[in-house]
Amino acid sequence: MAKSLRLGFQATMIMSEYNRDQLEALLMVRQYLGGLSRSRIGQIKRWIQPYLRFRGDVEDFQKKHFSEICTQRCFASHTSACCNREGIVTFFADVVINVLLSSTREVAALLRILSQDRGGFKCVYLTENGCLWHMKPIVCEMFLCKHAKDAVLEKDSSLRTQWEKFYRRERRYTWPSTPVLLDKLEELFIRAGFDSPLMYFHHSPGLLRVKNLSVKKHPKKPA
Ligand code: SF4
Ligand code: SF4
């Protein structure tokens, strides 16, 4: 039977479903990774290296071309359309990658904020010092509002082309028409007996359909 970490009755009564799913996923990942050998952790960290390079490239691009517009438009006035409450999909693998990169203290801060959430309009992870994730979810990284797109990408076709390339690179990790890293990381936990609503590659009808089509198109050859 699949393992899913159930929190205490009192905790689940006061926590939103979103926060509870996030908290349980974090606890599962921390528990499982905490029981692995150093060499196994090293192996999983090697799997994610190309993805981390991709994330670094996107981050550099965003810093270079969007930090000014985002500061002017949103951060100075605290009116960002990014980071709205429960506004993002978090993949289970986002949690895995983040925990792999985080210190014990950073993971503890995420657990704390989820259980002490005071509500409001902004994402539970957003603090005065920014996002609490060491590496934020991919959906957050790839989000650009219309205003930012119009101000930067629509005025410079070479930047628009670069951004489109980033989208194509993102799909190599997230779109399961071929085997992708985010699904592989989920699979690791499924095989270990865990289950979570954040495991979209195993629970989302849309993504399962894409995976099934891919298996039909590229059936595995018998060994
Ligand atoms: S992407 Fe748009 S909404 Fe988000 S911070 Fe930048 S300008 Fe603001
Ligand atoms: S996880 Fe971080 S980047 Fe994403 S919406 Fe929340 S505060 Fe913003």
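A helix here is a DSSP run of H or I at least four residues long, and helices are numbered from the N terminus. With that in hand, we can step into this predicted model at Asn 19, which is found in helix H2. Is Asn 19 buried or exposed? Buried means under 20% relative accessible area, and Asn 19 counts as buried because its relative accessibility is 2%. Leaving aside neighbours within four places in sequence, Asn 19 is in contact with Glu 86, Leu 114, Asp 117 and Val 124.

Now let us step back to the whole chain. It holds 12 helices and 2 strands, and reading along the sequence gives the pattern α-α-α-α-α-α-β-β-α-α-α-α-α-α. Of the 223 residues in the chain, 39% are buried. If you take the contacts between residues at least 6 apart in sequence, 73% of them join residues at least 24 apart. The accessible surface comes to about 13500 Å², and carbon and sulfur atoms account for 55% of that surface.

Helix H5, residues 92-101, is a good place to look inside. This helix is mostly covered, with 9 of its 10 residues buried; among them are Phe 92, Asp 94, Val 96 and Asn 98. Which helices do the buried residues of H5 pack against? They meet helix H2 (17-34), helix H3 (38-47), H4, helix H6 (104-115), H7 and helix H10 (181-191).

From there we can move to the nonpolar core. In soluble globular proteins, nonpolar side chains tend to be buried together. Here the largest nonpolar core has 56 residues, and those touching the most other members are Leu 33, Tyr 51, Phe 92, Leu 182 and Phe 189. At least two residues of this core come from each of H2, H3, H4, H5, H6, H8, helix H9 (157-174) and H10. Take Phe 189 as an example: setting aside neighbours within four places in sequence, its contacts include Met 28, Leu 33, Phe 92, Val 96 and Met 199.

Finally, there is empty space to explore. The largest pocket encloses about 1500 Å³. Its lining has 50 residues, and Phe 75, Cys 82, Cys 83, Leu 126 and Lys 136 lie nearest its centre. Two or more lining residues come from each of helix H4 (49-75), strand S1 (126-127), strand S2 (130-131), helix H7 (138-141) and helix H8 (146-153). Which element gives the largest share of the lining? That is H4, with 11 residues. Sorted by class, the lining has 25 nonpolar, 14 polar and 11 charged residues.

Technical notes. Residues are numbered from 1 along each chain as its sequence is written. Chains are lettered from A and ligands numbered from 1 in the order in which they are written. This is a predicted model: local features need pLDDT of at least 70, side-chain atom pairs count only at pLDDT 80 or more; totals for chains, interfaces and linings use all residues. Side-chain values use heavy atoms; hydrogens and water are left out. On a 1 Å grid over the protein atoms alone, a cavity is a set of points where a 1.4 Å probe fits but cannot get out, and a pocket is an open set with protein on both sides within 12 Å along at least five of seven lines; lining residues have an atom within 4 Å of a point. Grid points are joined across faces, edges and corners, and a volume is the space filled by probe spheres set on the points. Ala, Val, Leu, Ile, Met, Phe, Trp, Tyr, Cys and Pro count as nonpolar, Asp, Glu, Lys and Arg as charged, and the others, Gly among them, as polar. Buried means under 20% relative accessible area, exposed over 50%, partly exposed in between (1.4 Å probe, protein chains only). Contact means heavy atoms within 4.5 Å. A nonpolar core is a set of buried Ala, Val, Leu, Ile, Met, Phe, Trp, Tyr and Cys residues joined through side-chain atoms within 4.5 Å. Accessible areas come from the Shrake-Rupley method with a 1.4 Å probe; for residues, only the protein chains shown count as cover.
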